[in-house]
Amino acid sequence: MTAVEAAPRAGGVLGTRLRRREDPALLTGEARFVADLQVPGTLHAAFARSSVAHARIAAVDLSVARSMPGVVAAYSGADLSDEWSPLPCAWPVTADMKSPVHLPLAVGKVNYVGDALAVVVATSEYAARDAADAVVVDYEPLPAVVDLEDALSDRVVIHEDLGTNSSYTWELNPDQGAVDSAFAAAAHVVSARYVQQRLIPAAMEPRGVLVVPQPFGGDYTIYSATQIPHILKVMLALTAGVEETRLRVVAPSVGGGFGSKLNVYAEEVAALVLARKLRAPVRWVEERSEGAQSTIQGRGQVQHIELAAAADGRVTAVRVRLIADMGAYLQLVTPGVPLLGAFLYSGVYDVPAYSFSCTAVFTNKTPTDAYRGAGRPEATYAIERAMDALAAEVGVEPVEIRRRNFIPPEAFPYSSVAGLVYDSGNFVGALDKAVGLAGYEQLRADQARRREAGDRVQLGIGVSSYFEMCGLAPSRVLASLNYSAGGWEAATVRVLPTGKVQVVTGTAPHGQGHETSWAMIAADRLGISPEDVDVLHSDTAIAPYGMDTYGSRSLAVGGTAVHLATERVLDKARSIAAHQLEVAEEDLDYAAGAFSVRGTPEKAMPLAGIAFEAFTAHNLPEGMEPNLEASTHWDPPNFTFPFGTHIAVVEVDTETGAVRLVRYIAVDDCGNQVNPLIVEGQIHGGIVQGAAQALWEDAAYDADGNLLSASLMDYLVPSAAEVPSFETGSTVTPSPTNPLGVKGVGEAGTIGSAPAVLNAVVDALSPFGVPDITMPATPERVWRAIREAQEARK
């Protein structure tokens, strides 16, 4: 790992609680989403989707649909098979990975409920949907594969041409002999099986796309509710056979994504092909229940984890085996998601021996892909649940078992047994602060009183100490994992002739507050007000280079690129000022937006004046180009590793099984904070999503592959009514891998919260002898677990 020199501070802007400039438009309805854009002559697309999970397509009858009022065209997959290539998968994790052909519209066979097989285009959205409902499909049903262990057996092979349901097996075994020896010598061994249920992302704005062909030249403007406009542009060019120079991709206001919009979807490709074919604008907007089946789902794993430990509870080895659910096809990064957690199953602990293996299988369900945290929440859940099990085995407090095993602060940068170098950390500091905020000893005393009294409502206290890797880079490391893209980010900073500043970024925000934060980064270094900085993004015609927004990468990579471009602007401005003031560059000081001569402060030039001089170019240093502008492409030397400790407090009604989350304490360390207000907002949202997995959300399927929770009547997305006010704190351990000293925070709350909440539920039930509850811990599951434990004791 290469240490990077810390950034100097000039403007005092960083670290202030500045309200987001994005919010007024969002809160007053002025923001424009894909469904709001008005383009004359727009046609509307709707998709006919499979109503069965696994079947051969005997026939697709479009005759009725084509005859309905307002219908312009209707096509089956066979009708359009020459118009496109298969949808892309950008992460072939092994050389022998099996990847089925995934066409935008199914041909010959459907493989999950929701698999698109025909598209109707009409003059209104309602006419298109009515006509799509009139498409008649003759199916030849086949047995469905839903269970992961069943998929491994190849009882029914979904993609016959592949010959198996296994996509790949990926292993990380630095020293298998050391692992075997540690387990052979262990005083304690903990073995556990955990299930990561599937989750529906349910972003506030469903997906949508509008493709507008330009009148001349064969150009297309694609408006998409996407997290990845730059990647989407490249992939659409390859998939639809349109020259990249003919495509402009714009992500307008995007109402959340959580990874679900980090993809290249069938509907985006189809909209482009239809606009080209019909020579008219084409829009598709997802319905909520449609999205439950056609947008990717998250998680989906069976986890086997074993810990070997010495007599005092110090972990000597971790062994992990996963079965990962790919769904019916591989989307953009589907196969790589489990690998994002592969390096983290040893957690925040000083573990000398480690082995990991993952087998990915196909099922007749909606494809999975990245969902907030993407592999990191799964890994943290397994190790943190197992650490609580180890604490019970050894007979010590959950807090104490963690203290005994933490990587000490003086060990950083720390070379982990899994092969990564952790940049910085102080895990005990975060734990101590969380314990203090929670009043941990008082909570335990309250718990003891309830237990002694035989209270119907028992108290549970759960601890989770997590860390994650984010800011995925450098590009050469991603190459070693067979990832098809890079980890760099681009930024341009320009000071306009009037003195205002423009920042152009390759990131694509959809709720993270980049306009505010990037303006703060530039303003802080330039010594000006953030109000004087405009941030442009999410339009490939304005920001031609970028790797977009996902994986908590934006600040550590994109924000750093903004900082470095700002530094280059200042370097150029310094040269111009020195030339015009007729002094050496090293004799200039910079403060409050102006250069002054050291010792002669009245001899000065403001940045705005320098920008105008650069614009006129009347008196620049020899060989210098006009205008005050600089660009950079930042490829970091390492990931960043934020961390923290979360403590959940629950009450469990032992007669009904109802669980109530009554307190939640989160102490997170994301390095230096650009805007603590945004940090807290990201943590709050993340906590709710992780707690939701622990207690409420479940994309459940029946044995025939039907999704049982396709509407919000059956899938509980929590509101403020289901959660308490969060008690947050932070520690600050700067990262040495970037000049801002920042780490990511967008996924931290999700990573830490699910194990904290489940540990709390199991802690409340420990007097009954309940060792585990499968997520989500619904009242029925909790009630049954208590009754089964009571029966077993008789």
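**A cavity between two domains, and an interface between two others**

In this predicted model, the largest cavity lies between domain 1 (34–142 + 206–254 + 261–294) and domain 2 (298–472 + 638–793), because both of these domains give residues to its lining. This cavity holds about 170 Å³ of space. Its lining is built from 19 residues, and those closest to the centre of the cavity are Ile 200, Ala 202, Ala 203, Arg 288 and Gly 291. Sorted by class, the lining of the largest cavity comprises nine nonpolar, five polar and five charged residues.

How many cavities of 30 Å³ or more does the structure hold? The count comes to five. Empty space of this kind is revealed by rolling a probe the size of a water molecule over the atoms. The second largest cavity contains about 90 Å³ of space. A set of 14 residues lines this second cavity, with His 102, Pro 104, Tyr 112, Ala 266 and Glu 267 the closest to its centre. Seven residues of that lining are nonpolar, three are polar and four are charged.

The division of the chain as a whole comes next. Besides domains 1 and 2, there is a domain 3, which covers residues 488–634. Domain 2 is made of two stretches, 298–472 and 638–793, while domain 1 is assembled from three, namely 34–142, 206–254 and 261–294.

How do domain 2 and domain 3 meet, and what is the distance between their C-alpha centres? These centres are 41 Å apart. To the contact, domain 2 contributes 20 residues and domain 3 contributes 18 residues. The size of an interface is often expressed as the accessible area that is lost when the parts come together. For domain 2 and domain 3, the buried area is about 1300 Å², and 66% of it falls on carbon and sulfur atoms. On the side of domain 2 that touches domain 3, eight residues are nonpolar, eight are polar and four are charged.

Which specific interactions cross this interface? The rule finds zero salt bridges between domain 2 and domain 3. Polar contacts, on the other hand, are present: two residue pairs are counted between domain 2 and domain 3, both at pLDDT 80 or more.

Terms used: Residues numbered from 1 in each chain as written. Predicted model: local features only at pLDDT ≥ 70, side-chain atom pairs only at ≥ 80, totals over all residues. Heavy atoms only, no water. Domains from an automatic or database assignment. Contact = heavy atoms within 4.5 Å. Buried area = accessible area lost by both parts, 1.4 Å probe. Salt bridge = Lys/Arg side-chain N within 4 Å of Asp/Glu carboxyl O. Polar contact = N/O pair within 3.5 Å; in protein donor to acceptor, adjacent residues only side chain to side chain. Nonpolar A, V, L, I, M, F, W, Y, C, P; charged D, E, K, R; others polar. 1 Å grid on protein atoms, 1.4 Å probe; cavity = no way out; pocket = protein on both sides within 12 Å on 5 of 7 lines; lining within 4 Å. Points joined across faces, edges and corners; volume = space filled by probe spheres on them.
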